[in-house]
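Student: I have a structure in front of me and some labels I do not follow. Could we go through how each one is justified?

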Amino acid sequence: MDVLIVEDDRSIAESLIAALRESGLRPRHVATGAAAIAAVSGASGDPDIVLLDLGLPDVDGYDVCRAMRAVSAVPIIVVTARSDEFDRVLGLELGADDYMVKPLGTRELVARIRAVLRRSKSGATGTTPDGGDADSLSAGALRIDLRTHRAFLHEEELALTPKEFDLLAFLSEDPGAVRTRTDIIEHVWDSNWFGPTKTVDAHVASLRKKLGDQRWIVAVRGVGFRLEIPSGGVV
Ligand code: CA
């Protein structure tokens, strides 16, 4: 799979290239909007998917997205440092297939790339061949939509910050499995992130509050955390 990385920040581009290679994908890199538009022509030889940074030096990322969409149905994942809702909606309305906010956790990024590719191959139905939904995770009454970055409890949307969402999604990938603090920091924050591990506890605390039941996230002393579907009582 050829992945076109459109990113003007050299160090970010380099770490993305390394992470994608490691995952068996074939990254190509351009640093400007003009080069990105030139790389997508709707012909064979086009990339299989585009990872598009919105903040580019020459052409606005939105215009790059629009220009690509005019000639090609290539899946586009928009990457931005701007996390407000307006940008998110606009990104998706422009025809982008997914949207991620920096800093990128490389593991989640690769998962999202694979999900978008699966979706585009299965005719944009949003389902895998076995009928499961490729883009959502669920545990008990909890449902997580990875494509739209929204989480629901009893079908009621939770108001989560981007990091709370990423943390919940990471724990929900494998309910019951213990995630160590190091794992959590690496996958939810960034492998280059050296902040205090207290940040994890703070996010766990606010997530528990929003889930309305402490028992959703169980602390495993000296190790980390796991997601557990609370049994009985108020969920
Ligand atoms: Ca940029």
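**The calcium site**

Tutor: Along the chain, the donors of the calcium ion follow the spacing D-x44-D-x1-G. Keep in mind that this is a predicted model.

Student: What makes D8, D53 and G55 donors of the calcium ion?

Tutor: For calcium, a donor is an N, O or S atom within 3.2 Å of the metal. D8 (OD), D53 (OD) and G55 (O) coordinate the ion at 2.2 to 2.4 Å, so they count as donors under that cut-off.

Student: Where do D8 and G55 lie in the chain?

Tutor: They are 47 residues apart and link distant parts of the chain. D8 is in the loop between β1 (2-6) and α1 (10-22), while G55 is in the loop between β3 (49-53) and α3 (61-71).

Student: Why is D8 called partly exposed?

Tutor: Partly exposed covers the range between the two cut-offs, under 20% for buried and over 50% for exposed. D8 has a relative accessibility of 35%, so it counts as partly exposed. G55, with a relative accessible area of 43%, is partly exposed as well.

**A39 and its contacts**

Student: Is A39 buried or exposed, and how do you know?

Tutor: A39 has a relative accessible area of 17%. Buried means under 20%, so A39 is buried. Its place is in helix α2 (residues 33-39).

Student: Which residues is A39 in contact with, leaving aside its neighbours within four places in sequence?

Tutor: They are L4, D46 and P47. Contact requires heavy atoms within 4.5 Å. The C-alpha atoms of A39 and L4 are separated by 8.3 Å, but the contact cut-off applies to heavy atoms. A39 and L4 are 35 residues apart along the chain.

**The sheet and helix α6**

Student: What makes β6 and β7 a pair?

Tutor: Two strands pair if there are at least two bridges between them. β6 and strand β7 (residues 142-145) have 4 bridges, in the antiparallel sense, so they pass the cut-off. In this pairing, S138 stands opposite R143 in β7.

Student: Why are β6 and β9 said to stand at the edges?

Tutor: The open sheet has 4 strands in the order β6-β7-β8-β9, with antiparallel pairing. β6 (136-139) and β9 (156-158) each have a single partner strand, so one side of each is left without a neighbour in the sheet.

Student: What makes helix α6 mostly covered?

Tutor: Of the 11 residues of α6 (residues 162-172), 10 are buried, among them F165, L168 and F170. The helix lies across β6, β7, β8 (150-153) and β9, running at about 115° to β7.

Note on methods. Residues are numbered from 1 along each chain as its sequence is written. This is a predicted model: local features need pLDDT of at least 70, side-chain atom pairs count only at pLDDT 80 or more; totals for chains, interfaces and linings use all residues. Side-chain values use heavy atoms; hydrogens and water are left out. Buried means under 20% relative accessible area, exposed over 50%, partly exposed in between (1.4 Å probe, protein chains only). Helices (H or I, at least four residues) and strands (E, at least two) are DSSP runs, numbered from the N terminus. Donors are N, O and S atoms within 2.8 Å of the metal (3.2 Å for Na, K and Ca); water is not among the atoms, so sites may look incomplete. Axes are lines fitted to C-alpha atoms, for helices over the stretch in contact, and angles run from 0 to 180 degrees between N-to-C directions.
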